[in-house]
Amino acid sequence: MSTFLTQLSRRSALGGILVRRNAVGAMTFHSAAASRFRATQTPRLFGDEVPNPQTVPQPAASRIKGSYHWMNERAVSIISVPLLATAFIYGGHPINDMLMGIVLPVHAYMGFQQVLLDYFDARRWPVISRVLKYALVAVTGLSMFGAWRINTTDVGLTEYFAKLWNANKTKKSSSSSSSSSSSSSSSD
């Protein structure tokens with residue numbers, strides 16, 4: 001068998017199969033000579049637009065900040081449940097309306113803040129991320145101001161949303177009563 005392998009290693013016309021002896025004396029098979037493959041520089045798939053990781057500023061890692069943020073989100077969610085239940089059971093109350101005017105916009109702010117952190121990373125889109133963060137703060141402040149105005153100068157948040165919820169029913173009942181009164185007057 002070794003004579004066959006020796007003859008095989010001497011032949012060069014067998015499709016590039018080489019049989020060599022290593023330092024121990026065992027024969028090894030090689031599919032091609034090493035000189036056929038030269039290391040070339042790999043082509044760059046992306047140009048200079050891909051940033052170097054050393055040059056991108058990394059935010060300071062803070063495990064405590066993330067855990068406090070998560071706990072605050074859970075606390076706001078848990079607080080909103082009894083506020084809404086109280087509004088459904090007892091109706092409008094000034095203290096409950098004021099608390100809802102604070103808790104519900106803060107709850108929406110925290111939810112949209114996570115959306116912005118997930119989809120508009122500050123390292124990838126620094127300008128858009130900053131603009132959207134300021135816009136979120138402005139919209140949250142305006143919604144708190146609007147809730148305060150409804151609570152102090154109008155009927156309160158609970159009654160306001162009850163009116164919105166029943167507006168279509170009130171409209172149908174008023175239009176049906178006006179049509180019945182007009183039909184009764186025409187029959188006279």
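Okay, one bit of vocabulary before we start: a residue counts as buried under 20% relative accessible area, as exposed over 50%, and as partly exposed in between. Take W148, which has a relative accessible area of 42%, so it is partly exposed. Keep that residue in mind, since it comes back twice. And please remember that what you're looking at is a predicted model.

Let's go to the helices. General point: two packed helices are described by the angle between their axes and the distance between the axes. Our pair here is α3, residues 94-119, and α4, residues 126-153. Their axes come within 9 Å and cross at roughly 165°. Angles over 145 degrees count as roughly antiparallel, and therefore that's what we call α3 and α4. As for the handedness, α3 passes α4 in a right-handed crossing.

So who is doing the touching? From α3, the contact includes D97, M98, G101, I102, P105, V106 and Y109, and further along F112, Q113, L116 and L117. On the α4 side you'll find, among others, L132, K133, L136, V137, T140 and S143, and also M144, A147, W148, N151 and T152. There's W148 again, as part of this contact. Sorted by class, the contact has 14 nonpolar residues, six polar ones and two charged ones.

Let me stop at one of these, V137, which sits in helix α4. Is V137 buried or exposed? Well, in between: its relative accessibility is 46%, so it counts as partly exposed. Now put V137 next to V106 from α3, also in the contact. Those two are 31 residues apart in sequence, and their C-alpha atoms are 9.9 Å apart in space.

Last topic: aromatic rings. How many aromatic pairs does a search of the whole structure find? Three. I'll show you two.

One is F145 with our friend W148. The pair is tilted, with 5.8 Å centre to centre and 35° between the planes. Both residues lie in helix α4, three residues apart, which is about one turn of the helix. F145 has a relative accessible area of 48%, so it is partly exposed, and you already know W148 is partly exposed at 42%.

The other is Y160 with F161, and this pair is edge-to-face. The centres are 5.8 Å apart, with 75° between the planes. Y160 comes out at 30% relative accessible area, partly exposed. F161 is partly exposed too, at 47%.

That's my tour, thanks for listening!

Methods:
Residues numbered from 1 in each chain as written. Predicted model: local features only at pLDDT ≥ 70, side-chain atom pairs only at ≥ 80, totals over all residues. Heavy atoms only, no water. Axes fitted to C-alpha atoms, helices over the stretch in contact; angles between N-to-C directions. Helix = DSSP H or I, 4+ residues; strand = E, 2+ residues; numbered from the N terminus. Parallel < 35°, antiparallel > 145°, perpendicular 65-115°, else oblique. Left-handed = near helix turned anticlockwise from the far one by under 90°. Contact = heavy atoms within 4.5 Å. Nonpolar A, V, L, I, M, F, W, Y, C, P; charged D, E, K, R; others polar. Phe/Tyr/Trp six-rings, centres within 6.5 Å; stacked < 30°, edge-to-face > 60°. Buried < 20%, exposed > 50% of the residue type's maximum accessible area, 1.4 Å probe, protein only.
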